[in-house]
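Biologist: Please take a close look at the pocket lining in this entry, and then place it among the other local features that deserve attention.

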Amino acid sequence: MRNSNRFEARQAALFKARRWRLLSALLLCVCALSATARADDVTLDVAYDTLPVSLDIHEQLTVGVLRLAHLVFDPLVRWDRHLGLEPRLATSWERLDDTTLRLHLRRGVHFHSGNLFTARDVAWTVARLKRSPDFKAIFAPIVDVTVVDDATVDLHTRRPFPLLLNLATYIFPMDSRFYSGERPATTADGQSQNKAAIVKGGDTFASRHMSGTGPFEVTRFQPGARIELTRFPDYWDHASPGNVEHLSEVAIGESATRVAALLAGDVDFIAPVPATALSRLDHAPGIDLVTMPGVRITLLQLNQRRVPAFRDRRVRLAMNYAVDQRAIAKHLLEGFVTPAAQMSPEGYAGHDDQLTPRYDLAKARRLMREAGYPDGFEVTLMAPNNRYVNDAQTAQVALAVAAMLAKIHIRVDFKTLPKNQYWTEYDRRAADIMMMGWYSDTGDSANFFEYLTFCPDSRSGTGQYNASEYCNPELDSLVALANSETDMRRRTSMLRQAEAMVYADAPFIPLYWQNLAWAASDRVAIEPVLNVMNMPYLGDVVVTPRATETHSR
């Protein structure tokens with residue numbers, strides 16, 4: 001699509017599609033005498049705490065980007081409500097050998113551009129994922145992709161890898177013809193740019209244009225503020241119960257304002273719901289509240305490159321002994337989180353029941369004396385103020401940690417930022433201690449290590465979110481060995497051993513696994529499309545039309 005107006009051509013196509021649907025509806029009305037509600041009149045207004053600043057689904061690995069991917073694209077397979085896998089653009093699969101997975105693809109699927117989806121799009125997408133700074137570590141095990149025919153593709157690994165299907169949940173095939181070629185010059189230097197370019201925080205073709213196979217097309221995009229989407233008339237999934245024709249997403253960073261917008265009827269669905277509003281929304285007429293345990297770990301990373309004292313394990317242990325996770329969970333977060341002492345939540349292969357929070361102030365002070373820091377030192381701490389439960393409470397958690405560290409004479413200069421600004425500062429490692437929340441992208445313990453504890457390596461992408469600047473090659477080798485182990489009993493033992501190593505080394509301060517909560521108008525059947533991955537499948541949501549959306553014929 002060469003038009004410099006990012007949405008002009010798409011809007012023209014949408015206009016033609018709507019005009020045809022309108023004509024069809026009018027013809028049907030000649031024969032219909034009863035009053036009916038048109039499904040394509042149904043709207044859904046959603047408010048999240050934050051929205052993506054780019055339309056490039058490979059630019060940054062965040063929940064917001066993945067939510068958008070599920071609206072505009074389709075994955076090869078996806079998680080169901082019980083963390084099983086269900087077919088999407090891949091209809092079936094089989095292992096050809098220990099290092100090859102064959103995927104059979106859905107036929108007759110079209111991208112929003114009109115291009116036909118084929119196996120070549122899968123191969124092109126995986127190649128792009130392998131050069132994405134945020135995704136390449138996840139996809140490092142895949143060494144080759146073979147296009148067998150238009151509807152068959154093989155994924156090859158160098159050694160046995162037990163999580164290939166898990167990776168397939170993050171393969172959202174992109175329209176390779178749409179994203180290939182040169183973008184016309186748009187900058188002062190007159191340079192053109194490859195349409196497939198990935199630039200963090202940059203202005204690229206993919207950051208402003210989309211062509212997927214998903215239920216919705218983007219018709220308006222205000223980075224970080226608003227996304228307007230319209231139902232794709234040729235969406236392949238005719239079995240989907242989803243009836244929303246117009247979807248609007250808006251960012252409301254302040255939790256109280258987001259809740260007020262739902263109660264006033266200005267929006268139909270909000271996430272996240274702050275712990276302070278749970279009781280109110282649970283008893284509010286016309287509102288449905290849904291909660292479930294979460295698997296996202298929130299932690300504070302201790303940057304060893306910036307702070308020499310953090311290189312001493314006794315100091316890191318002292319900080320862990322000084323922080324009382326149970327008190328934070330009970331008094332600040334009203335019990336809506338689970339105190340954590342490791343990365344893997346209960347139910348994950350690496351979770352070890354023996355690794356528990358270790359608050360002991362006397363031991364913390366003794367360790368500081370032994371390390372040669374009886375009078376402590378000064379550090380900076382940075383956290384987002386509209387993330388990880390809610391804005392006010394996130395700030396309170398960071399301040400509470402600062403107060404706890406003060407008891408061992410570590411003085412904290414604390415700063416908060418809106419999440420969209422925070423990620424830029426995070427990538428710069430702008431503070432000595434950074435707050436991070438992470439859920440496993442593959443639904444497996446190994447992913448926590450690959451991103452949060454592996455020795456940072458810009459070439460492979462491992463350690464991409466290791467703001468601790470921690471490096472333990474022995475730990476990395478153990479997790480890599482676990483990733484090639486297909487005997488799940490042995491693999492579980494390796495991952496538990498890895499968690500014990502991190503517990504002993506204390507490169508960060510684990511805080512809690514946050515629970516999940518969503519709220520919606522009772523006209524929105526939201527519960528069937530929710531999951532612990534916190535990615536509502538809004539393409540399948542069923543909404544009862546508002547009174548103003550029901551028209552007499």
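Modeller: In describing a lining by class, Ala, Val, Leu, Ile, Met, Phe, Trp, Tyr, Cys and Pro count as nonpolar, Asp, Glu, Lys and Arg as charged, and the others, Gly among them, as polar. On that basis, the lining of the largest pocket consists of 15 nonpolar, eleven polar and nine charged residues. This is a predicted model, in which local features need pLDDT of at least 70 and side-chain atom pairs count only at pLDDT 80 or more, whereas totals for chains, interfaces and linings use all residues. Residues are numbered from 1 along each chain as its sequence is written, and side-chain values use heavy atoms, with hydrogens and water left out.

The largest pocket (on a 1 Å grid over the protein atoms alone, an open set of points where a 1.4 Å probe fits, with protein on both sides within 12 Å along at least five of seven lines; lining residues have an atom within 4 Å of a point) holds about 610 Å³ of space. That volume is the space filled by probe spheres set on the points, which are joined across faces, edges and corners. Its lining comprises 35 residues, and those nearest the centre are Thr50, Gln60, Thr62, Lys419 and Trp423. Three elements, α2 (63-72), α11 (419-427) and β19, each supply at least two residues of this lining; such helices (H or I, at least four residues) and strands (E, at least two) are DSSP runs, numbered from the N terminus.

For the second largest pocket, the volume is about 420 Å³. It is lined by 21 residues, with Ala140, Pro141, Arg159, Ala480 and Asn483 closest to the centre. The element that gives the most to this lining is helix α13 (residues 473-482), with five residues. By class, the lining of the second largest pocket divides into eleven nonpolar, six polar and four charged residues.

Strand β19 (residues 508-521), which supplies residues to the lining of the largest pocket, pairs in the antiparallel sense with β14 over twelve bridges; two strands pair if DSSP finds at least two bridges between them. Within that pairing, valine 290 is set opposite tryptophan 518 of β19. Strand β14 (residues 287-302) also runs antiparallel to strand β18 (residues 433-438), to which six bridges join it. There, glutamine 301 faces methionine 434 of β18. Twelve of the 16 residues of β14 are buried, so that the strand is mostly covered; buried means under 20% relative accessible area, exposed over 50%, and partly exposed in between (1.4 Å probe, protein chains only).

Ahead of β19, in the loop between α14 (488-505) and that strand, lies alanine 506. Alanine 506 has a positive phi of about 50°, although it is not a glycine. Because its relative accessibility is 1%, alanine 506 counts as buried.

The region before α13 contains the disulfide (a pair of cysteine sulfur atoms within 2.5 Å), and by this rule the count comes to one. The sulfur atoms of cysteine 455 and cysteine 471 are 2.0 Å apart in this disulfide. Because the torsion about the S-S bond of cysteine 455 and cysteine 471 is about 90°, the disulfide is right-handed. Cysteine 455 and cysteine 471 both lie in the loop between α12 (446-452) and α13, 16 residues apart. With 15% relative accessibility, cysteine 455 counts as buried, whereas cysteine 471, with a relative accessible area of 45%, is partly exposed. Glutamate 469 is found in the loop between α12 and α13 as well, and it has a positive phi of about 55° although it is not a glycine.

Further local features complete the account. Strands β6 (residues 142-149) and β7 (residues 152-157) run antiparallel and are joined by six bridges. They form a hairpin with two residues between them, and threonine 146 has aspartate 154 of β7 as its bridge partner. The peptide bond from alanine 271 to proline 272 is cis, with omega near -5°, and proline 272 is placed in the loop between β13 (269-271) and α6 (278-282). Helix α7 (residues 313-322) is mostly covered, with eight of its ten residues buried, including Val315, Leu317, Met319 and Tyr321.
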